[in-house]
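Open the model in your viewer and keep the selection box handy. We'll go from one stop to the next, and at each one I'll tell you what to pick and what you'll find.

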2 protein chains.
Amino acid sequence: MQDFQNRISFRINENVFLKDPLSSDLGKKIIRASIDLIEELGFDDFTFKKLATEISSTEASIYRYFENKHNLLAYLVMWYWRWIEYRLIMATMNIDDPKKRLDNCIQVLTEKVTEDMTVSQVNEVKLQSIVIEESSKVYLNKKVAEDNRHGFFVPYKDVVHRVASIIEEMRPDFKYPHMLVSTIIEGTNHQRFFTNHLPRLTNVIDGEDAVCAFYGEFTNKILEK
Amino acid sequence: MQDFQNRISFRINENVFLKDPLSSDLGKKIIRASIDLIEELGFDDFTFKKLATEISSTEASIYRYFENKHNLLAYLVMWYWRWIEYRLIMATMNIDDPKKRLDNCIQVLTEKVTEDMTVSQVNEVKLQSIVIEESSKVYLNKKVAEDNRHGFFVPYKDVVHRVASIIEEMRPDFKYPHMLVSTIIEGTNHQRFFTNHLPRLTNVIDGEDAVCAFYGEFTNKILEK
DNA sequence: CCTACTTGATAGTAATACTATTATGTTTGC
DNA sequence: GCAAACATAATAGTATTACTATCAAGTAGG
């Protein structure tokens, strides 16, 4: 983590970009505007041409930062998990009881992001929407092995491992800590998507964050002795 | 359900196709070959041109059956859930104990499909791979509201409701039956994908179907009083 | 045998995802 | 203060994709 313009910033694996977007004004504009545009248009209708118009630059200039739009999405998602990891660290700092540590982590993994949580120069509220609606496109394709070799999923894996290791500490006999954590993460994203678009596939409860409540309750039950 | 060529066949909502692919030889070839090709190339690299070459026909002919490749994928996924529903019906027939009914359903939802389970003219083994790797692309896009209005998700919702209603019968006070079922379904697909491509995000256990075991165990725990 | 319908053959279009080249402006080192 | 290095802009061009349109040929039923 390095400080940048008075705000937190995360180090992202170099394989995902051709030139570090945080190293120039144009790069930072690319990140900002791509978050706005992907959130607005959806990743499928998002193009480098539209992005270039948005920031009054050219397609060719954007291609100097990212090989393609797939890698740009991968960058944004990596950023998101590094930010979540940072929040996991904050949420478990100076807490000894593993049960409490785990509860706090589940809270971080499942809660809805609001403006006041943002710490970096990117818009984390929009970024969470992008993660919910688009992030699985980063791995659901035939390039997943190559991207994995290039470290595109390291930030995600680090988050899963961090929480799984608390579970292992609490319950060394539990056989599926990673499966539990990735189920919670992917499940949260799906349930939020369903709440917004296909509510009959989930349970929407007035005045309650049902997603948060469900996964919290459910983790406790599963780890009960 | 209608019988066709000595094999079971499912009725699929007409909005998804322009002409029923089961009504002609060419249509059936389109379905068969598209399953082979999507499984082989992945949905992103799959095109109607390649499909046309594969079946010695033309792009224009395929467009007479499906408006676009998105709707063809939606058709295949709808077929899959109709098949799963059929298997849920078989697995709960003549069983009175709701607990046992639920256990059988979870088994159907989480088990890996093998050749001997196939009942229809489509290759359900390949179809399950497609559902695991591609099905979320049917709803993860900006057309989801329109597709939902056209009934593209009815087979999926029917499966979720069928299983959720057993849970409601067992535990009328449980607040999240739909969330639980869709978490199991989506979770299973993710965990199978992770097992194949990103094993550090899950737990792979030798000589055990960990996915099946995890979601079975976990459902019991959550519904325990 | 005529009509309707299905498929094949061919052509064409707009948009996308890039690549390449050259020009212009700006910063940095000496 | 000036050249070299570098970043960006401007422009052009290509292959592929996702379609649409038109017409001809074959075939099936009444």
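## Stop one: a pair of helices

In chain B, select K99(B), L102(B), D103(B), I106(B), Q107(B) and T110(B) from α5(B), then add C212(B), Y215(B), G216(B), T219(B), N220(B) and L223(B) from α11(B): these two groups meet. Here contact means heavy atoms within 4.5 Å, and helices are DSSP runs (H or I, at least four residues), numbered from the N terminus. By class, this contact of α5(B) with α11(B) has 5 nonpolar, 5 polar and 2 charged residues. For the classes, Ala, Val, Leu, Ile, Met, Phe, Trp, Tyr, Cys and Pro are nonpolar, Asp, Glu, Lys and Arg are charged, and the others, Gly among them, are polar.

Now show all of α5 (residues 98-110) and α11 (residues 210-223) of chain B: their axes come within 9 Å and cross at roughly 145 degrees. Those axes are lines fitted to C-alpha atoms over the stretch in contact, with angles from 0 to 180 degrees between N-to-C directions.

A word on what you're viewing: this is a predicted model, where local features need pLDDT of at least 70 and side-chain atom pairs count only at pLDDT 80 or more, while totals for chains, interfaces and linings use all residues. Residues are numbered from 1 along each chain as its sequence is written, chains are lettered from A and ligands numbered from 1 in the order in which they are written, and side-chain values use heavy atoms, with hydrogens and water left out.

## Stop two: DNA strand D

Pick DNA strand D next. How many residues surround DNA strand D? There are 17, and the closest are S57(A), Y65(A), E59(B), Y63(B) and N68(B). A residue is near a strand if one of its heavy atoms lies within 4 Å of it.

Zoom in on Y65(A): a polar side-chain atom there lies 2.8 Å from a phosphate oxygen of DNA strand D. K69(B) also has a polar side-chain atom by a phosphate oxygen of this strand, at 3.5 Å. For E59(B), look to a base nitrogen of DNA strand D, 3.4 Å from an N or O atom in the side chain. Polar contacts like these are pairs of N or O atoms within 3.5 Å.

Colour α3(B) too, as this helix gives the most to the surface near DNA strand D, with 3 residues.

## Stop three: DNA strand C

Move to DNA strand C, where 17 residues surround the strand and the closest are E59(A), Y63(A), N68(A), S57(B) and Y65(B). Sugar and phosphate account for 61% of the atoms of DNA strand C that come within 4 Å of the protein.

Select R64(B) to find a polar side-chain atom 3.0 Å from a base oxygen of DNA strand C. Then try Y63(A), whose side chain has an N or O atom 3.0 Å from a sugar or linking oxygen of the strand. The largest share of the surface near DNA strand C, 3 residues, comes from α3(A).

## Last stop: both chains

Finally, show chains A and B together. A turn of 180 degrees and a shift of 0.0 Å along the axis lay chain B on chain A with an RMSD of 0.0 Å, which is the relation of a two-fold axis. The superposition is by least squares on C-alpha atoms of residues with pLDDT of at least 70 in both copies.

Notes
Polar contact = N/O pair within 3.5 Å; in protein donor to acceptor, adjacent residues only side chain to side chain.
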